[in-house]
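Trainee: Before we start, I would like the reasoning behind the labels, not just the labels.
Mentor: Then ask how each one is reached.

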Amino acid sequence: MAEFLIAPSILSANFARLGDEVDSVLAAGADVVHFDVMDNHFVPNLTIGPMVCEALRKHGVTAPIDVHLMVHPVDALVPQFADAGASMITFHPEASVHIDRTLQLIKDAGCKAGLVFNPATPLHYLDYVMDKLDMILLMSVNPGFGGQSFIPTTLDKLREVRKRIDASGRDIVLEVDGGVKVDNIREIADAGADMFVAGSAIFNQPDYAEVIKKMRAELAA
Ligand code: DX5
Ligand code: ZN
């Protein structure tokens with residue numbers, strides 16, 4: 001895989017033709033499909049579940065599918081998403097009573113596991129689980145909707161998490177989600193992120209390849 005991963009969030013795709021949208025964005029150079037699961041309980045919006053993930057696999061999608069669970073409770077959905085073809089599963093620590101158990105459940109199901117931090121969620125949840133993490137996702141908006149503005153304090157938080165990852169000596173991907181655009185992706189990468197979720201920035205443009213090319217040019221600059 002590339003050094004920097006671009007993960008379009010299908011939340012901003014046209015759901016009436018989702019398979020084609022995912023094919024297009026992957027053909028346009030995306031690395032990973034970001035799959036936002038919302039339950040109208042943990043977050044104030046309702047989206048898609050394991051059936052849709054399975055449908056994408058049956059459609060022929062072979063790229064990694066990054067399932068971002070914005071649900072409470074978490075555990076029952078883990079095996080369902082693993083069976084549906086998820087590659088990575090991340091969840092919010094506030095949504096799990098037994099964080100270590102949920103991480104282990106994800107790994108036992110054969111997926112990469114990660115924790116997601118809302119903008120105001122403290123990082124102490126990392127303290128005793130670094131050895132179980134394949135990825136850490138920092139939300140740069142409050143979860144629930146696409147098209148919001150990047151919250152600038154995320155940059156300091158990214159720098160802090162980058163230090164913790166480097167100190168751990170482990171190969172943990174640092175993902176950022178919310179308000180990522182061509183004009184801020186470089187700054188976000190400089191703060192330590194290596195995986196970038198972008199929904200509206202990509203799907204609201206007519207030419208997905210053009211946006212992804214511009215993002216990669218920024219990252220290479
Ligand atoms: C927000 C979701 C994001 C969202 C990003 O709760 O987790 O993945 O779709 O959308 P943009 O890139 O438009 O901020
Ligand atoms: Zn997301």
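**Labels and their criteria**

Trainee: Why is D36 called buried?
Mentor: D36 has 24 C-beta neighbours inside 10 Å. A residue is buried if 20 or more other C-beta atoms lie within 10 Å of its own, exposed if 12 or fewer, and partly exposed in between, with C-beta atoms placed from the backbone. Therefore D36 counts as buried.

Trainee: What is the model, and how are its parts labelled?
Mentor: The model is predicted; local features need pLDDT of at least 70, side-chain atom pairs count only at pLDDT 80 or more, and totals for chains, interfaces and linings use all residues. Residues are numbered from 1 along each chain as its sequence is written, while chains are lettered from A and ligands numbered from 1 in the order in which they are written.

Trainee: Why does D177 count as buried?
Mentor: D177 has 26 C-beta neighbours inside 10 Å, so D177 counts as buried.

Trainee: Which residues does D177 touch?
Mentor: Leaving out residues up to four places away in sequence, D177 touches H68, L137, M139, S140 and V197. Contact requires C-beta atoms, placed from the backbone, within 7 Å. On the same terms, D36 touches S9, L11, T47, H68 and M70.

Trainee: What makes the protein chain as compact as a globular protein of its length?
Mentor: Its radius of gyration, taken over C-alpha atoms, is 16 Å, close to the 17 Å that the globule rule gives for 221 residues, so the chain is as compact as a globular protein of that length. The rule is 2.2 Å times the number of residues to the power 0.38.

Notes:
Contact = placed C-beta atoms within 7 Å.
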